[in-house]
Amino acid sequence: MARNAPPRIRTIADLASLAGVSAGTVSRALAGKTEVNEDTRRRIEALAAEHGFRPNQMASRLRRGRTGVVGVVVPLGHEKRQHLSDPFFMAILAELADALTENGYDIMLSRVIPDDPGWLDRIATSGMLDGVMLIGQSDEHQAIERLARGYRPLVAWGVVLPEQTHCAVGSDNRAGGRLAGDHLIGRGARRLAFLGDVRAPEFRLRYEGVCAAARAAGLAAPVQLDAHLASDIMAAEIEQHLATLVDAGIDGLAAASDLLGVTAMRVLQARGVKVPDAIRVTGYDDLPLAAHAAPGLTTIAQNVPLGAREMVSALFRRIEGEDTPSIQLPPALVVRGST
């Protein structure tokens, strides 16, 4: 029986030997190249199907100088305990994945805690990727800038700073913070607080926007309260800030993200502090959880679906060698019951 068993087809060379043609002819036939005779192409395809042969797609891509893979990287430099299950990461990752796979690309997802200045260079120059997309810049602006000076196919979600080399897409965070501050003041708040770690560049700009609103209204600068984005410690940290909020007479709280805003409302209400009667609360992002909170969270929308599409478009153009500018998306106020 062993003598009658069909030959095992493992490589294009094996299939070429069985078909009586060159390996190049098999490669071109399986790629659908028109220069291969139609009868020959059909015979090779039939033999490949009969023997269950599928060409190594990665090897084929590498021969063409492309891997067909984009790295999607979440750097956690300042926020090492944050999880990929964070609602913002999930929202933008879903949009990026849809756009990339619909265009024939695979994704390599990495959650990275940077441990030395060259962490990003190693990812980008690994030979496994056609390009890199960063979800957030964390406190790694210098590492991103260094790579971007010599590596074109790189796009980040985040802030756009003056003289920035790397291409970034994101909302105008300072303008968004100003919208939140103006809205809280317009609703009667006179003592503001900002909830979020301002080491993150996006959060810092949002805080600056709230400060500008307070300054324009002749009010004291907002109290800035740190809070980590790790879900296992976030509520406990906000509870520790509760006495500050109450004792300082805070009546307007601008949270740096929807998750922080929703968690703050839950902590306040559990301690008998009514929202919005005692403290008005805003978030930032406009994720589904903001609309589903009770009360609904007033927030700043930064149009994540559009931003993700712009990121993918910019990356594809950069893969082809084009330089693309950074994009700032205009934020929009979404008013709900928390204010």
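Two strands count as paired if DSSP finds at least two bridges between them. In this predicted model, that criterion applies to β1 and β3, which run parallel and are joined by 4 bridges. Within this pairing, Val73 has Leu134 of β3 as its bridge partner.

On its other side, β1 meets β2, again in the parallel sense, through 7 bridges. Here the bridge partner of Pro75 is Val112 in β2. The connection between these two strands passes through helix α5 (residues 87-102), and β1, α5 and β2 together make a right-handed β-α-β unit.

How far is β1 enclosed by the rest of the structure? Buried means under 20% relative accessible area; 7 of the 7 residues of β1 are buried, so the strand is largely enclosed. Val69, Gly71, Val73 and Pro75 point one way from β1, whereas Val70, Val72 and Val74 point the other way, and all are buried.

These pairings belong to an open sheet of 6 strands, with parallel pairing and the order β2-β1-β3-β4-β5-β11. Its edges are formed by β2 (106-112) and β11 (327-329), each of which pairs on one side only. From one strand to the next, the twist averages 15°. Further along the sheet, strand β4 (residues 154-157) pairs in the parallel sense with strand β5 (residues 167-171) over 3 bridges. In this pair, Ala156 stands opposite Ala168 of β5. Helix α13 (residues 304-319) packs on the sheet, where it touches β1 (69-75), β3 (131-135), β4, β5 and β11. The direction of α13 makes about 165° with that of β4.

Attention now turns to the nonpolar cores. The largest comprises 41 residues, of which Leu195, Leu245, Leu253, Leu260, Leu268 and Val281 touch the most other members. At least two residues of this core come from each of α8 (173-186), β6 (192-195), α9 (201-216), α10 (231-247), β8 (252-255) and α11 (258-270). Helix α11 gives the most, with 7 residues. The surroundings of Leu195 illustrate the packing: not counting residues up to four places away in sequence, Leu195 touches Leu225, Asp226, Ala227, Ile238, His241, Leu253, Ala254, Ala255, Ala256, Leu260 and Ala264.

Apart from this largest core lies another, of 28 residues, which includes Val70, Ile92, Val155 and Ala314. Val70 is one of the buried residues of β1 already described.

Key. Residues are numbered from 1 along each chain as its sequence is written. This is a predicted model: local features need pLDDT of at least 70, side-chain atom pairs count only at pLDDT 80 or more; totals for chains, interfaces and linings use all residues. Side-chain values use heavy atoms; hydrogens and water are left out. Axes are lines fitted to C-alpha atoms, for helices over the stretch in contact, and angles run from 0 to 180 degrees between N-to-C directions. Contact means heavy atoms within 4.5 Å. A nonpolar core is a set of buried Ala, Val, Leu, Ile, Met, Phe, Trp, Tyr and Cys residues joined through side-chain atoms within 4.5 Å. Buried means under 20% relative accessible area, exposed over 50%, partly exposed in between (1.4 Å probe, protein chains only). A crossover is right-handed if, with the strands pointing away from the viewer, the path from the first strand over the helix to the second runs clockwise.
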